[in-house]
Each structure stands twice: as C-alpha cells, then as structure tokens.
Amino acid sequence: MFTSAITGSIQHFFTIIGLVSVTFFMIPKLAVYAFVVIPVAGIPIFQFGRKIRRVRRGTQEAVADINSFLHETLTGNKIVKAFGMEAHEKKRFAKKSRKIFKLEMSETKVKVLSSPLMEFLGGLGIAFIIWYGGHQVIRGTYTFGTFMSFLLAVGLMYEPLKKLSKLNNAVQRGMAAADRIFDILERKSDIIEARAPVPIPAGTHRISFEDVSFQYDQTPVLQNINLEVAAGEIVALVGMSGGGKTSLVNLIPRFYDATRGRILIDGIDVRQGTVEGCSHIDP
Ligand SMILES: Nc1ncnc2c1ncn2[C@@H]1O[C@H](COP(=O)(O)OP(=O)(O)OP(=O)(O)O)[C@@H](O)[C@H]1O
Ligand SMILES: [Mg+2]
C-alpha cells in the first residue's frame, strides 16, 4: 500500500490538478459542465472501495483460519489417521476453501466491474463535451483549436483517473490488513507488569504454591493447591488428561495469573517479578 499506492497517487493527483486547471483556463463554462461528472464518478469508486475493504477482511480471516487448520491437521496427521478421521477432515478443509473461493470471487467481481463502470462514465462525459462544445464551435463562441486542446486535456485525464480508482482498491485492501494487525497490536494483556518489578535471574529456585486456585473462564481447574518445591528438586505431576497439570505449570512463568492464592519463586510473588525478559541473562 505504501510503496505503490501512496507514491502513485501523489503523481496522478498532481497530473489531474494540472489538467483541470488547464481546462478551466481555456473554456471555464465548459469545464464546469464537464466536471459535474467527476463527483458522480467518485460515488462508485467510494462504494467499491468500501465493499473491497469488507470482503478483504473476511478473506484474511478465512486464510488465517485455513492456515491454522492445515497446521493442526498436517502436524497431527497420525492422530487423524489413527482415529479414521480422513473423510471428516477433508470435508472440513473443503468447506473452508470454498469460503475463501467465494470471498475471492466477490472481490474479483467488484474489481472487474469497477473498470467498465469508470469507462462508461468517462465516455458519457466525453460525449457530452463533444456534443455541447461542438455546438459552441459551430456558433463561433470559441475556435475549433481551443476546443480541440480542451478535449485533449480532458482525454489526458482519463488514464490517471482510472489508475486512481484502481489505487483506491489497493489502499482499501491494505487498510483491511492494517485493521487486523492493529486489532492484535492494541490488545491489552491480562498479565500486568508490577510497578517496580523485581528481576528473577535464571538458575535453580525454590517454588511455593500458597492456596492457589485457578480457572480459565467459569469451571475451576485448580483448587487450593499448596505445594513446596525445593531448589533443584524434581517433582512429577501425575494425573488424568485434563486434570490441570499443564495449567499448574503454566502459572509459574505467568502465562496466566492465579485466580486466588500466591505463587512464590524464592519468596518473591511471581506477580512482582519482571514479565519482559531480563536483559542480563545469567546462565
Ligand atoms: N487455554 C485454555 N482455555 C480454557 N480452558 C483450558 C485451556 N487450557 C486448558 N483448559 C482446560 O483446563 C483443564 C485442565 O487442562 P490441562 O491442559 O491443564 O490438563 P493436563 O492435566 O495438562 O492434561 P494432559 O494430560 O492432557 O496434558 C481442562 O479441562 C482443559 O479443557
Ligand atoms: Mg498437559
């Protein structure tokens, strides 16, 4: 968007400004009539741009979805086979790719439609200028030469105008991508750094859980856990799948915060420790 659209549009913009000034300088009255068309042409450009932006956002979401789906099923292909889920996964994939196909098609339709419409409106404008201006030449309001140079200036505007309309499509595509990127960049983390964070250097530490309870949303995963692990001690957590082993371990590096209770590393509450990596990592 920045490399092509912005640089290109500045150039086209100035070309159009220059040509419009020339036409107003030559035959002001005819120029006023002729440029009534431009705002009219602006409406579809604007509408198409909006539609493209909306569709593009959908496409990007669908592509992200299919990518994570592929990652999951391809890395887990043995599990898919072991459970005989090939047909099921194929169906899911087909559904997701059909969605992308539909979105791409509607974007293509808008793109393909926008150019003939612009040409049609441009043609109407030129036809009007020739009809009206020609009459004036016959009447002798101005010379044939003046009229021809006016017509040439209007004709030269055609290419930059068409390119500007295409550029708008490109800008809208870029804006849709930017929307998604900023959605993520502006998301606030639930994990908040303490006001005066204490660095916890790498090494062996004593870890204590004090009456820790934890839940992701509604259902409790851990309840009143009390655990002491001495520095260098190895502890094995054993239990059924979904029992909360990974969740318990995830609380130590603060991937999540405990709902109740405290977790201490060498007596320091993990919520007091630095979240961002220490710059001086001590091996
Ligand atoms: N990110 C998450 N968001 C919501 N719920 C989660 C999340 N991760 C795990 N859970 C739920 O929390 C519970 C505990 O899951 P956890 O992964 O801690 O179990 P586990 O003991 O590590 O299981 P496994 O032996 O399969 O690794 C499960 O009911 C699980 O569905
Ligand atoms: Mg686990």
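How do H1 and H6 run relative to each other, roughly parallel or roughly antiparallel? That is the first exercise below.

Before we start: this is a predicted model, in which local features need pLDDT of at least 70, side-chain atom pairs count only at pLDDT 80 or more, and totals for chains, interfaces and linings use all residues. Residues are numbered from 1 along each chain as its sequence is written, while chains are lettered from A and ligands numbered from 1 in the order in which they are written.

**Exercise 1. Work out the relative direction of H1 and H6.**

Step 1: get the geometry. Helix H1 covers residues 2-26 and helix H6 residues 144-185; they pack at an angle of about 155°, and their axes are 9 Å apart. Helices here are DSSP runs of H or I with at least four residues, strands are runs of E with at least two, and both are numbered from the N terminus. Axes are lines fitted to C-alpha atoms, for helices over the stretch in contact, with angles from 0 to 180 degrees between N-to-C directions.

Step 2: classify. Angles under 35 degrees count as roughly parallel, over 145 as roughly antiparallel, 65 to 115 as roughly perpendicular and the rest as oblique. H1 and H6 are therefore roughly antiparallel.

Step 3: look at the contact. Its residues split into 16 nonpolar, 9 polar and 1 charged. (Ala, Val, Leu, Ile, Met, Phe, Trp, Tyr, Cys and Pro count as nonpolar, Asp, Glu, Lys and Arg as charged, and the others, Gly among them, as polar.)

**Exercise 2. Do the same for H5 and H6.**

Step 1: helix H5 spans residues 86-139, and its axis comes within 11 Å of that of H6, crossing at roughly 165°.

Step 2: that angle makes H5 roughly antiparallel to H6.

**Exercise 3. Put the sheet together from its strand pairs.**

Step 1: start with strand E1 (residues 207-215) and strand E2 (residues 220-229), which pair antiparallel over 6 bridges. Two strands pair if DSSP finds at least two bridges between them. A hairpin of 4 residues joins E1 to E2, and Gln 215 has Pro 220 as its bridge partner in E2.

Step 2: add strand E3 (residues 260-265), which is antiparallel to E1 and joined to E1 by 5 bridges. Ile 207 has Ile 265 as its bridge partner in E3, and Ser 208 stands opposite Leu 264.

Step 3: finish with E4, which pairs with E3 in the antiparallel sense over 2 bridges. Leu 264 has Asp 269 as its bridge partner in E4. The hairpin of E3 and E4 has 2 residues between the strands, and Asp 266 takes a positive phi near 50° there.

Step 4: read off the result. The 4 strands make an open antiparallel sheet, ordered E2-E1-E3-E4. E2 and E4 (268-269) are the edges with a single partner strand each, so one side of each has no neighbour in the sheet.

**Exercise 4. Describe the shell around ligand 1.**

Step 1: list residues with a C-beta atom, placed from the backbone, within 6 Å. Among them are Tyr 216, Val 221, Lys 245 and Thr 246.

Step 2: sort by class, which gives 2 nonpolar, 7 polar and 1 charged.

Step 3: find the main contributor. Helix H7 (residues 245-251) supplies the largest share, 3 residues.
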